[in-house]
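Here's an informal walk through one fold, going from a helix to the sheet and then to the empty spaces. Have the viewer open as you read.

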Amino acid sequence: MPINPSNMRVVDVARLLNSTSFGFVLAQARLYREFNRVGFRIGSSENPRNINLLKYIAWMFDRKHTPEETSGARSYEDRRNAERDRQAEQSLAGRDIGPLPEVVNPDRKAACERNFQLFCESYFPETYALAWSPDHLKVIEKIETAVLRGGLFALALPRGSGKTTITESAALWSMLYGHREFVVLIGATESAALELLDSLKTELEVNERLAEDFPEVCYPVAQLEGIANRCAGQLYKGERTRITWTSNEIVLPTVEGSRASGIIVRVAGITGRIRGMKFKRSDGRNVRPSLVVIDDPQTSESAGSLEQTRKRVRVLAGDILGLAGPGQKISGIMPCTIIRPGDMADIILNRNTHPDWNGEKTRMVYRFPTNMKLWEEYAEIRAEALRTEGNFQKATEFYLANREAMDAGAEVSWEARFIHDEVSALQHAMNL
């Protein structure tokens, strides 16, 4: 691409001057200050925001060769001020993160903006390596609706179905594209919620695909190098990024042109302090939560307690759904597991008593096999093999020999869900 020296962006001037055999010669932050200092004397006549490189070189030449107005040695005060300015310039240059990397795959980024399933498959291929089940696709569709258009969705999935992982991906998707301005992650306990936030932080720090396509978020995060104290001083093009990176809150960096600028993510336990959450953005606006993600909001202990169940249902109906503020509706996603009949998840999933949550229950096995005698024989072979040999290879061989009869009448939710020493999702479910 040809360079027009009479009309160059500040960042391009800095790159050009630092690209010679002399190495680094000029900090971008210093160039911004000099541009602000002399203004139109070095500005481009075509675009007042750009620099005329020839004028800038002439101005630097005049500045270097213009004699001092005062003669004699500089005073102590002058030398002290000069040293202070030099140190301030070095500090500023060290805090400015410089130009952002270019987006590696803009087509991939654009295609995933309003397609949550494609986002999961494109940016977390190792995590979502197995084929989706029909129930997963239902969950993905409801999450996409909640994030893009609003609504409340409660979804019961069996243990090990990946609901927490999908929940984390949903939070990242809504953050990175700026779909939701303020996201709250709520867990059964505060420590569970903090684990959710730690997982999000790890993805923003180490996920290479996210770093390639979302440099406006991931590059400033990487420049922190895990040191939260650097947040307050971080600059981009001489302006503060206002990034926050604490144990219970993330505020994404404010970067010109980024739709994720200033997005807030905060966590809480369902029995902790939830009411009154708000955040003042750099533009002076007070914002309240617009999306709440409630991951498995009960423990085994709370599910067995009628009083704890009632308390959590009250918190959900009052404190959590009221987070958006007066006159505003909040969107919500609640993946959960029914531990006992009548527990919190069972109550919220009941469409008769809580139709606002659009509850939907899924199962690991929708229909059990018709020939249970063969499975009883399988169980005996498996138990004996585990006692004598430490594995159930003989039971698997028995299943393979009689698979057609043993599979008859069965229907499982996720065909791809089985481990290395099993041969089908039905075998995995029956082993459990």
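A residue is called buried when its relative accessible area is under 20%. Keep in mind that this is a predicted model.

**Around helix α6**

With that cut-off in hand, take helix α6, residues 116–123: Phe-116, Phe-119, Cys-120, Ser-122 and Tyr-123 are buried there. What do the buried residues of α6 pack against? They pack against α5, α7 (134–148), α8 (163–176) and α10 (208–213). At the start of α6, Asn-115 has a side-chain oxygen that comes to within 3.4 Å of the backbone nitrogen of Gln-117.

Next door in this list of partners is α5, which spans residues 106–111 and holds Arg-108. Is Arg-108 buried or exposed? Its relative accessibility is 18%, so Arg-108 counts as buried. The side chain of Arg-108 has a polar contact, at 2.7 Å, with the side chain of Asp-213. Once neighbours within four places in sequence are set aside, the residues in contact with Arg-108 are Ser-122, Tyr-123, Arg-209, Glu-212 and Asp-213. Two of those names, Ser-122 and Tyr-123, are also among the buried residues of α6.

Helix α8 is another of the α6 packing partners, and Met-175 lies in α8. Met-175 has a relative accessible area of 0%, so it is buried. Leaving out neighbours within four places in sequence, Met-175 is in contact with Val-183, Leu-200, Leu-204, Leu-252, Ala-260, Ile-263 and Val-265. Ala-260 deserves a second look: it is 85 residues from Met-175 in sequence, yet their C-alpha atoms are 6.2 Å apart.

**The sheet**

Now for the strands. Eight of them form an open sheet with mixed pairing, in the order β5-β6-β7-β2-β10-β11-β1-β12. Its edge strands are β5 (244–245) and β12 (360–361), each of which pairs on one side only.

Strand β10, residues 291–295, is a good place to dig in. Why is β10 described as largely enclosed by the rest of the structure? Because five of its five residues are buried. Both faces are covered, with Leu-291, Val-293 and Asp-295 buried on one side and Val-292 and Ile-294 buried on the other.

On the β2 (182–187) side, β10 pairs in the parallel sense over five bridges, and Gly-187 stands opposite Asp-295. On the β11 (331–336) side, the strands also run parallel, joined by three bridges, with Gly-332 as the bridge partner of Val-292. Out towards the edge, β1 (152–156) runs parallel to β12 and is joined to it by two bridges; there Ala-156 stands opposite Lys-361.

Strand β11 also holds Met-334. At 0% relative accessibility, Met-334 counts as buried. Apart from neighbours within four places in sequence, its contacts are Phe-153, Ala-154, Leu-155, Ile-294, Pro-297, Leu-316, Ile-348 and Trp-357. Met-334 and Asp-295 are 39 residues apart along the chain, with 5.8 Å between their C-alpha atoms.

**Empty space**

Rolling a probe the size of a water molecule over the atoms shows where empty space is left. How many cavities of 30 Å³ or more are there? The count comes to one, and the volume of the largest cavity is about 100 Å³. It is lined by 15 residues, and the closest to its centre are Ser-161, Met-364, Ser-413, Trp-414 and Arg-417. Helices α7 and α18 (425–431) are the elements that give two or more residues to this lining.

The second largest pocket holds about 450 Å³ of space. Of its 24 lining residues, Leu-100, Pro-101, Val-103, Glu-216 and Glu-256 are the closest to the centre. At least two lining residues come from each of α1 (10–17), α5 and α11 (215–224). That brings α5 back into view, the helix where Arg-108 is found.

Here is how the two linings break down by class.

| Space | Nonpolar | Polar | Charged |
|---|---|---|---|
| Largest cavity | six residues | six residues | three residues |
| Second largest pocket | 13 residues | two residues | nine residues |

Definitions and conventions: Residues are numbered from 1 along each chain as its sequence is written. This is a predicted model: local features need pLDDT of at least 70, side-chain atom pairs count only at pLDDT 80 or more; totals for chains, interfaces and linings use all residues. Side-chain values use heavy atoms; hydrogens and water are left out. Helices (H or I, at least four residues) and strands (E, at least two) are DSSP runs, numbered from the N terminus. Buried means under 20% relative accessible area, exposed over 50%, partly exposed in between (1.4 Å probe, protein chains only). A polar contact is a pair of N or O atoms within 3.5 Å; within protein, one must be able to donate a hydrogen and the other to accept it, and residues adjacent in sequence count only if both atoms are side-chain atoms. Contact means heavy atoms within 4.5 Å. Two strands pair if DSSP finds at least two bridges between them. On a 1 Å grid over the protein atoms alone, a cavity is a set of points where a 1.4 Å probe fits but cannot get out, and a pocket is an open set with protein on both sides within 12 Å along at least five of seven lines; lining residues have an atom within 4 Å of a point. Grid points are joined across faces, edges and corners, and a volume is the space filled by probe spheres set on the points. Ala, Val, Leu, Ile, Met, Phe, Trp, Tyr, Cys and Pro count as nonpolar, Asp, Glu, Lys and Arg as charged, and the others, Gly among them, as polar.
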